[in-house]
Amino acid sequence: MALKNQSTAAQLDFLRKKNVFSRQESFSVKSILVTGGAGFLGSHLCDELLSRGHRVLCLDNLSTGSLRNIEHNLGNDNFHFMEHDVVDPINLPFNFLSLDQIYNLACPASPVHYQSDPIKTTKTCVHGAINVLELGRETGAVVFQASTSEVYGDPVQHPQRESYFGNVNTIGPRACYDEGKRTAESLFFDYNRYHGVRIKVVRIFNTYGPRMARDDGRVVSNFVVQALQNQDITLYGDGSQTRSFCYVDDLIMGFLAMMETPDTVLGPINLGNPGEFDMNELATAIIGLTGSRSKLHYRELPKDDPKMRRPDITRAVNLLQWQPRIKLDAGLARTIEYFCEDLALPTIEQNQAVVAEEPELLNVAHAN
Ligand code: NAD
Ligand code: UDP
């Protein structure tokens, strides 16, 4: 049988016996699989890994991600895109049979998306974890899991430390994601204990920035898109629930710091920005930064929406020497700039320059 028709394990065994990996192992260039690599976080991760000279295999089913996020890398010889669903076993392409690292990010992250097909969400979390862990077992790659602050549910401990077991409604609408991610964490630790797979688990708190999809449904993208178009800002509940927002560049540095730790550092480690804001404050900040004429519009609070969330990042500071650097205003300004371009609107500076000359044009450029 042709080598390419055999299982990944059989192909690897054959290639190891022929010693074809020795050349690559002597370089620090790594071969890295990023699942969910065409998504918001995944595409920034791919960019950073490529900029460090690594070879990247980006796997995605393009359900919430987009080729637009990675199109600038498609001509790069070190970048390879594979359209695939992590629910199905992963057969590595011939040029990526030797893997050093796997980042598992494939999963919808917005409540709107993960609740639209909850059974698929659980499968993505659970089968996806098994499939990447099996690859880790076969290739010896370190496997990184993008877990989430949602494992803490609607927390009664505040801020949330990694030792907190959480408060999740197992039968509510968020459970497909929360319990899926919790099961994925269990699988990671079981594969480590039973099969010796090298693992890294981080719990990500709300992260925002350029390349969030404009119709993603998460709070930062919703508010910015609404404010830029002078539409009502949709505040759920009374807007007093809190979140902590981390800018994407900071988070990606945390991912890489985690991956560089010794094999004894498994996690879970919280990654997020401990600055805590309620949704009224966030809306006010975005209206201020965009100069918008939007009004606040209060809607029903979704079921099981966590009332408060803030990471305790002591572990990340001590073990990774990592902490976020970009403040909310600065990160929001960059995000607003991105959405101006995405929506084909003038930038805030261009708008202000026009307004300075012709004040009666205030915000006309941003009108519906
Ligand atoms: P995203 O929706 O932009 O990216 C997810 C990517 O995974 C998309 O490209 C999507 O097409 C792909 N995907 C989804 N299901 C798939 C499947 N079955 N097979 C293959 N690909 C699939 O979301 P994001 O914000 O970039 O989140 C990335 C990861 O980080 C997710 O695992 C998410 O749970 C985790 N996370 C993100 C945040 C955050 O605030 N951004 C917070 C906590 C955890
Ligand atoms: N939210 C809101 N308006 C929106 C979208 C979200 O008030 O248009 C609220 C939502 O109820 C939650 C918070 O913003 O309390 C963060 O929501 P998001 O979906 O971004 O993330 P998550 O709930 O998963 O933290």
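**Close-ups of a predicted model and its two ligand shells**

**Figure 1. Here's who sits around ligand 1.** Ligand 1 has 27 residues surrounding it, and the closest are Gly36, Gly39, Leu41, Thr64 and Gly65. Keep in mind that this is a predicted model, not an experimental one.

**Figure 2. Now for the elements that line ligand 1.** Two elements to pick out are helix 3 (40-51) and strand 5 (142-148), each of which hands at least two residues to the shell around ligand 1. Helix 3 gives the most, with three residues.

**Figure 3. What kinds of residues make up the shell around ligand 1?** Sorted by class, the shell around ligand 1 has 13 nonpolar residues, 12 polar ones and just two charged.

**Figure 4. Over to ligand 2 and its neighbours.** There are 14 residues around ligand 2, and Arg218, Val219, Asn222, Thr234 and Tyr236 come nearest. The elements giving two or more residues to this shell are helix 7 (219-228) and strand 8 (233-236). Strand 8 gives the most to the shell around ligand 2, with three residues. As for class, the shell around ligand 2 splits into six nonpolar, five polar and three charged residues.

**Figure 5. Stepping back to the protein chain.** Look along the chain and you'll find 12 helices and 13 strands. The protein chain has 368 residues, and 42% of them are buried. Take the contacts in the chain between residues at least 6 apart in sequence: 78% of those join residues at least 24 apart.

How values were computed: Residues numbered from 1 in each chain as written. Chains lettered and ligands numbered in written order. Predicted model: local features only at pLDDT ≥ 70, side-chain atom pairs only at ≥ 80, totals over all residues. Near = placed C-beta within 6 Å. Helix = DSSP H or I, 4+ residues; strand = E, 2+ residues; numbered from the N terminus. Nonpolar A, V, L, I, M, F, W, Y, C, P; charged D, E, K, R; others polar. Buried ≥ 20, exposed ≤ 12 C-beta atoms within 10 Å, placed from the backbone. Contact = placed C-beta atoms within 7 Å.
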